[in-house]
Amino acid sequence: MIEVRQVNRSFGAIPAVRDLTFTIPPGEIAVFLGPNGAGKSTTLRMLIGFLPPSSGEITIDGAPVRTNRAHDTALLGYMPERVPLYDEMRARDYLRFVSAMKGIAPAERDGAIGSVAERCGASTVLDRRIANLSRGFRQRVGLSQALLGDPPVLVLDEPTGGLDPEQAVEFREIIRSLRGEHTVLLSTHLLDEAARLADRILILHEGRLLADDTVDNLAGKAGGARSLSVVTRGLTPADLAPVESIPGVRSVQVDREGEQVFFTVETMDGTDPGAEIARFVVNRGGELIRLAREAPSLESVYLALTAGRGRGRDEDDSHAGDTAH
């Protein structure tokens with residue numbers, strides 16, 4: 001479990017994180033979202049003990065996080081955006097070094113390495129030099145080192161950054177497999193990735209927490225318009241023009257492909273005109289192939305929550321050598 005209570009962090013006179021409070025229960029995957037300068041990386045650095053908070057408290061499984069991390073390494077595994085790998089080392093030797101740093105008993109190190117490497121899909125490259133590994137395999141070795149020692153909490157900073165689409169899909173599958181066994185907090189700029197991975201979304205903006213909830217609940221709180229996706233056959237776009245006058249319909253977008261007409265109906269808050277639309281199509285002599293309700297996308301929810309709040313600090317806005325982003 002991760003608990004953050006009334007945490008603030010400033011760089012000189014400039015606040016990077018303000019009155020931040022949240023809890024991530026055991027076994028959940030939570031995702032940090034926010035523009036550059038929102039305070040995501042600063043928060044992650046405080047979570048791992050790299051930066052102390054200016055005020056407030058952070059605990060991992062009930063133990064306070066300290067800048068002296070000797071105790072915390074058993075509780076938390078960290079994968080930074082740019083994993084600090086030693087190019088001249090073989091992957092197995094690097095993981096042995098990390099095992100020693102984490103206090104894993106010498107007799108148990110090779111077994112632990114084999115286990116995490118297999119889970120992360122890195123078994124085939126353990127005896128290769130890190131300098132010769134692809135970006136995808138370097139990331140797998142990076143996640144392997146975070147998992148060594150089986151820490152209850154994992155913090156992953158942009159774990160799929162720089163991966164090609166196929167590698168990113170495979171890496172997300174590995175992260176999903178951690179659900180229930182580890183509490184995972186990751187940051188990403190990719191909204192679709194957040195929606196696919198997260199049990200919980202935390203949206204930061206200018207150092208403040210704007211939202212902390214599931215994707216579905218955020219959609220409801222944001223008041224985003226829901227929509228209906230409809231596919232028909234036997235009608236023309238002109239035949240469907242009266243749909244706009246059905247109570248609860250805000251707008252209609254129509255497209256046609258061959259004999260099928262596709263239209264998306266944006267509905268007004270608190271309404272569900274689906275049954276009336278279905279009756280309209282059938283009464284007009286059309287065939288209703290599909291009618292599905294769709295919640296607002298995470299993108300629309302995110303934009304609604306951050307609308308009018310500015311873009312935050314620039315990515316290179318740094319203070320005392322540490323970027324607040």
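## A tour from the α2/α3 crossing to the cores

Start with helices α2 and α3, which cross in a right-handed sense. This is a predicted model.

**Stop 1: the helix pair.** Select residues 91–101 for α2 and residues 106–120 for α3. Their axes come within 10 Å and cross at roughly 120°. That angle makes α2 oblique to α3, because it is neither over 145 degrees nor in the range 65 to 115.

Now show the side chains. On α2, pick R92, L95, R96, S99 and A100. On α3, pick R109, D110 and I113. Colour this contact by class: 4 residues are charged, 3 are nonpolar and 1 is polar.

**Stop 2: S144.** Keep L95 of α2 on display, since the next residue touches it too. Select S144 in helix α4, which spans residues 135–147. Is S144 buried or exposed? Its relative accessible area is 0%, so S144 is buried. Beyond its neighbours within four places in sequence, S144 is in contact with L95, V116, A117, C120 and A122.

**Stop 3: the largest nonpolar core.** This core has 45 residues. Which of them have the most contacts inside it? Select L33, Y94, V141, L143, L156, L186 and I201.

Then centre on L156. Leaving out neighbours within four places in sequence, L156 is in contact with M79, L143, I175, V184, L185, L186 and S187. Among these partners, L143 and L186 also appear in the list of core residues with the most contacts.

**Stop 4: the second core.** Finish at a separate core of 29 residues. Select A16, V17, I24 and I48, which are among its members.

Key. Residues numbered from 1 in each chain as written. Predicted model: local features only at pLDDT ≥ 70, side-chain atom pairs only at ≥ 80, totals over all residues. Heavy atoms only, no water. Helix = DSSP H or I, 4+ residues; strand = E, 2+ residues; numbered from the N terminus. Buried < 20%, exposed > 50% of the residue type's maximum accessible area, 1.4 Å probe, protein only. Contact = heavy atoms within 4.5 Å. Axes fitted to C-alpha atoms, helices over the stretch in contact; angles between N-to-C directions. Parallel < 35°, antiparallel > 145°, perpendicular 65-115°, else oblique. Left-handed = near helix turned anticlockwise from the far one by under 90°. Nonpolar A, V, L, I, M, F, W, Y, C, P; charged D, E, K, R; others polar. Core = buried A, V, L, I, M, F, W, Y, C linked by side-chain atoms within 4.5 Å.
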